[in-house]
Amino acid sequence: MKKYKFLIFLVVFILLIALIQIRAKYYEKKLLTKGKFTIMRIDSFNVIPKFTNIYSSFYCKKKKIINIESKSESNISEKDIEKFYEIKYLNDTPDVSMAHFNKQITDTIAILEAGFTKADIEFKK
């Protein structure tokens, strides 16, 4: 009986991992084909050994979305806080997004059109 319980547990665990992988591939493919580009602002970051959590925000349908990106190898540092970068997201599920940290945006008009205010654009001195 214990053997069957372990076998059932193992099968359920493998199916759960497979479903998570299928969901991730589905959203990745959808993001590449139907994703929209906008501008995000880096709000803060948290460096933990071996990876970095980057907290950013962007606007989708006039609603501010908070995004958390985990990067194992990122050149984002404290000097990049309050800078603007390109992000690709899904319009129907804006939580699914991919930041492009190699494409910094400095065009003030484009930043304002993306939903940010003039106060958001003013950098720390």
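This is a short conversation about burial, ring pairs and cores in a predicted model.

Colleague: Why is T38 called buried?
Modeller: The relative accessible area of T38 is 12%. Buried means under 20%. Therefore T38 counts as buried. T38 lies in strand β1, residues 36-48.

Colleague: What does T38 contact, leaving aside neighbours within four places in sequence?
Modeller: T38 is in contact with F58, Y59, Y85, E86, I87, Y89 and A114.

Colleague: Why is L19 called exposed?
Modeller: L19 has 57% relative accessibility. Exposed means over 50%, so L19 counts as exposed. L19 is found in helix α1, residues 2-34.

Colleague: How far is L19 from S44?
Modeller: They are 25 residues apart in sequence. In space, L19 and S44 are 32 Å apart, C-alpha to C-alpha.

Colleague: How many aromatic pairs are there?
Modeller: The count comes to 6. One of them is F58 with Y89, at 5.2 Å centre to centre and 40° between the planes.

Colleague: What makes that pair tilted?
Modeller: Ring centres must lie within 6.5 Å to pair, and 5.2 Å meets that. Under 30 degrees would be stacked, and over 60 would be edge-to-face. An angle of 40° is neither, so the pair is tilted.

Colleague: Where do the two residues sit in the chain?
Modeller: F58 is in strand β2, residues 51-60. Y89 is in strand β4, residues 84-89. They are 31 residues apart. Both F58 and Y89 are buried.

Colleague: Why is the pair of Y59 and F116 called edge-to-face?
Modeller: The planes are 85° apart. Over 60 degrees counts as edge-to-face, so the name fits. The centres are 5.1 Å apart. Y59 is in strand β2, and F116 is in the loop between α2 (108-113) and α3 (118-121).

Colleague: Are Y59 and F116 buried or exposed?
Modeller: Y59 has 19% relative accessibility. That is under 20%, so Y59 counts as buried. F116 has 4%, so F116 counts as buried as well.

Colleague: Which residues do ring pairs link into a cluster?
Modeller: Y59, F84 and F116.

Colleague: Which residues touch the most other members of the largest nonpolar core?
Modeller: M40, I42, F58, I76, Y85 and F101 do, out of 13 residues. Strands β1, β2, β4 and β5 (97-105) each give two or more residues to this core. Apart from it lies another core, of 8 residues, among them Y59, F84, I111 and I121.

Colleague: Why do nonpolar side chains gather like this?
Modeller: In soluble globular proteins, nonpolar side chains tend to be buried together.

Terms used. Residues are numbered from 1 along each chain as its sequence is written. This is a predicted model: local features need pLDDT of at least 70, side-chain atom pairs count only at pLDDT 80 or more; totals for chains, interfaces and linings use all residues. Side-chain values use heavy atoms; hydrogens and water are left out. Helices (H or I, at least four residues) and strands (E, at least two) are DSSP runs, numbered from the N terminus. Buried means under 20% relative accessible area, exposed over 50%, partly exposed in between (1.4 Å probe, protein chains only). Contact means heavy atoms within 4.5 Å. A nonpolar core is a set of buried Ala, Val, Leu, Ile, Met, Phe, Trp, Tyr and Cys residues joined through side-chain atoms within 4.5 Å.
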